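Student: Could we go through the packing in this model together? I would like to start with the interior and then turn to the helices.
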Amino acid sequence: MSTYFDSLETRSRDEREAAQLQALNAQLAKNGMDAADSLAALAGLPVLRKAELSARQAENPPFGGLPVSNLAHVFQSPGPIYEPGGVSHDWWRMGRFLHACGIGQGDIVQNCFGYHLTPAGMIFESGARAVGAAVLPAGTGQTELQARAARDVGVTAYAGTPDYLKVILEKADEMGFELKITRAAVGGGALFPSLRQYYADRGIACLQCYATADLGNIAYESPAQEGMILDEGVIVEIVTPGTGDPVAPGEVGEVVVTTLNPDYPLIRFATGDLSAVLPGESPCGRTNTRIKGWMGRADQTTKIKGMFVRPEQVAQLVAKHAEIARARVIADRDGEMDVMTVRIETEASDPAAYEATIVDVLKLKGRVELVPIGGLPRDGLVIEDMRSYD
C-alpha cells in the first residue's frame, strides 16, 4: 500500500492555497457571492450556524435553499437537520482517513456506524469503497451477532465509535471466538489513551477522525498520531466563539469549515466545536495544517439569574468599545445566589464605563474586572461557569 492516498497530501502550501482558492470561488459563485482574492477573505463573510441552517430548512425544505446537486440520498440528523448525500467517488472524503489507517484492498470492514436516517454509516462505507475494501454493514447493537459475523466473515478492520469495538471484542472472548481485526477507524466520540492502549495490546492499530454529518471528514490522524491533519477538501478557520473573527495561530477557538464539495457548498459553517492549530507539519510527511482535535464545545451558552448569556452577546460587548481586546463572562455563586463577573481585557482604567453596556447587551448586572492586555487565558472560553452543582 502506498504511504499516501494521493499527491494532494504532500503539496506545498502555495500549491494547496491556489487550488483551494479556485475551488472556493466556484463555491461562492454557486451561492451567488462575489469571488475572493485570497483565502483570508473568508473572514469577511458571514458564519452559518446550525440553528440558522435549521431555520432556513424549516422555511424552505429540505436544504434551506442551498444549491444542492447530484442528490442520491437525504439524511436526517437531530434538530432536525437534513443533509444531502451523493454516490460519486468518496463523496464525504473518508477514504483518505481509512487509507491512513492502513485499510485497503483485501480488507473487510465491520462498519458499526448507524445506517438509519443519519449518514454516518454511508460516510464510512463510501470511504471503504474508495480504498477498495469490502464492508460488513453492521450498524449498532446485537453484539453477539456482531461478534459471530466478525469471525465468520473474517473481518480485518473496524469502523465505529471508539468504545463499541471493545464491547465486540469482549463478547467474542466470552464466546470463544478468535477475531482477525488489526485496524480500527473511529470517530463520533472520545478515544481515550487507555482505550487506544487496550486496542494496541490486542494488536489493533486505532486511529481517529473528526467528521460531521454536514461536512464529512474534516481532519484525521495519521500513524504519526501528532494532532489531526486537515482534509484536502475543506478550508478550516479557528475563530473566537460567537464571532467569525480568526484567532491568533495556536489559540483555542471555534472550528468553522468551508467545504469544497461542489454538490453541497457550505460556506463558513460553524461546527460548535473547539480546537486549535498545531504548528509545523506532521512527521508522516503530509503537509496540510494540523489541529489538536476536539477540545470541547464552543456553544458555552449559560443561564445566569434565569437569563441565558450567549457567546454572541459577549462578542457584541467587545464590539461596542474599540479599546476592549477581549471579554470573559464568569458565572459563580454567592451563597445560593448567582453572580456574574465580566472580565474585560483593556488598557482602560474605569470599570464603571462598561456597566451600562453590560446591562444593555447581556441584560444582567454584574461585577466588572479590568485586566491588562494578554491577561485573559487563550483557551477558547468566553463564558466560564464556575458553579458547583454537587
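Tutor: The notes below cover the cores, one helix pair and the cysteines.

Tutor: This is a predicted model, in which local features need pLDDT of at least 70, side-chain atom pairs count only at pLDDT 80 or more, and totals for chains, interfaces and linings use all residues. Residues are numbered from 1 along each chain as its sequence is written, and side-chain values use heavy atoms, with hydrogens and water left out.

Student: Which residues touch the most other members in the largest nonpolar core?

Tutor: They are Phe97, Leu98, Ile103, Phe124 and Val236, in a core of 45 residues. A nonpolar core here is a set of buried Ala, Val, Leu, Ile, Met, Phe, Trp, Tyr and Cys residues joined through side-chain atoms within 4.5 Å; buried means under 20% relative accessible area, exposed over 50%, and partly exposed in between, with a 1.4 Å probe and protein chains only.

Student: Which element gives the most to this core?

Tutor: Helix α4 does, with 4 residues. Elements giving two or more residues include α3 (95–100), α4 (120–130) and β10 (234–239). Helices (H or I, at least four residues) and strands (E, at least two) are DSSP runs, numbered from the N terminus.

Student: What is Val236 in contact with?

Tutor: Leaving aside neighbours within four places in sequence, Val236 is in contact with Ile218, Leu230, Val255, Val256 and Val257. Contact means heavy atoms within 4.5 Å.

Student: Now the helices. At what angle do α8 and α9 pack?

Tutor: Helix α8 (residues 311–319) and helix α9 (residues 355–362) pack at about 145°, with axes 9 Å apart. Axes are lines fitted to C-alpha atoms, for helices over the stretch in contact, and angles run from 0 to 180 degrees between N-to-C directions.

Student: Which residues make that contact?

Tutor: From α8 they are Gln313, Val314, Gln316 and Leu317, and from α9 Thr357, Ile358, Val361 and Leu362.

Student: Which residues of α8 are buried?

Tutor: Pro311, Gln313, Val314, Ala315, Leu317 and Val318 are buried. The buried residues of α8 pack against β16 (307–309), β17 (324–334), β18 (337–346), α9 and β20 (383–385).

Student: Changing topic, how many disulfides are there?

Tutor: The structure holds 0 disulfides, a disulfide being a pair of cysteine sulfur atoms within 2.5 Å.

Student: Why does Cys209 form no bond?

Tutor: Its closest cysteine sulfur, in Cys101, is 7.9 Å away, which is too far for a bond. Cys209 is buried, at 8% relative accessibility.

Student: And what about Cys284?

Tutor: The sulfur of Cys284 is 12 Å from the closest cysteine sulfur, again in Cys101, and therefore too far for a bond. Cys284 also counts as buried, at 16% relative accessible area.
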